Amino acid sequence: DVGPLMTPPDGSFQSFTYDCSAVNGCQTYFDIIALAGDVIELDTCTNGSTDFDIGKSAFDSNGTLSTCSDVPCGDGSTLTFTVPSDGTWRMRISGYTSTEGTYTLGYNIPDTVVIIGSVVDADGDGSFDDVDCDDDNDTIFPGAPEACDTIDSDCDLEIVDGYPDFN
């Protein structure tokens, strides 16, 4: 999640550079809260690696793909996404075929759009994946009732509260 590292949108063209040197198949994303009709423009370019192909895509809060562009830098690599409905959207930037170099993401996002950290609640328990220690299980979340079952149900890093030696 590169959202917390990005400068908040101000309605002008801005940029962000990310290093994918240590990762093969670099996958980054940021989440936004946007209104229907907002236009998001993403443009990418690689810095130094000619075989680094970057794709850009937008997903709704349920993980459904809304639009994508998988075009190498220099071949019209801008993704223009018009938000179809109010809500949270995940903007994914994916690099392929290289383990070296950085990419620069250029973004033009209206100042009414908020870039946020990861806010997906995959299991619907009311806790987003940045605090939920198991976002695939709706009975496990911060503040959930703890049971004597070897599972950290309340995400406090204790398997059974009050019994640190329980294994």
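Student: Which side chain has a polar atom 3.0 Å from the backbone nitrogen of D134?

Tutor: That of D132. A polar contact is an N or O pair within 3.5 Å; within protein, one atom must be able to donate a hydrogen and the other to accept it, and residues adjacent in sequence count only if both atoms are side-chain atoms. This is a predicted model: local features need pLDDT of at least 70, side-chain atom pairs count only at pLDDT 80 or more, and totals for chains, interfaces and linings use all residues. Residues are numbered from 1 along each chain as its sequence is written, and side-chain values use heavy atoms, without hydrogens and water.

Student: Is D132 buried or exposed?

Tutor: Buried, meaning under 20% relative accessible area (exposed is over 50%, partly exposed in between; 1.4 Å probe, protein chains only). D132 has no salt bridge, that is, no Lys or Arg side-chain nitrogen within 4 Å of a carboxyl oxygen of Asp or Glu.

Student: Where is the nearest side chain of opposite charge?

Tutor: It is R90, 13 Å away from D132. Lys and Arg count as positive, Asp and Glu as negative; His and the chain ends are not counted.

Student: What does D132 touch beyond four places in sequence?

Tutor: Its contacts (heavy atoms within 4.5 Å) include D123, D125, F141 and C155.

Student: New topic. How many disulfides are there?

Tutor: One, counting cysteine sulfur pairs within 2.5 Å. C133 is joined to C155, S to S 2.2 Å. They sit 22 residues apart.

Student: Which hand?

Tutor: Left-handed, because the S-S torsion is about -80 degrees.

Student: And how accessible is C133?

Tutor: Partly exposed, at 46% relative accessible area. C148 counts as exposed, at 60%.

Methods. Helices (H or I, at least four residues) and strands (E, at least two) are DSSP runs, numbered from the N terminus.
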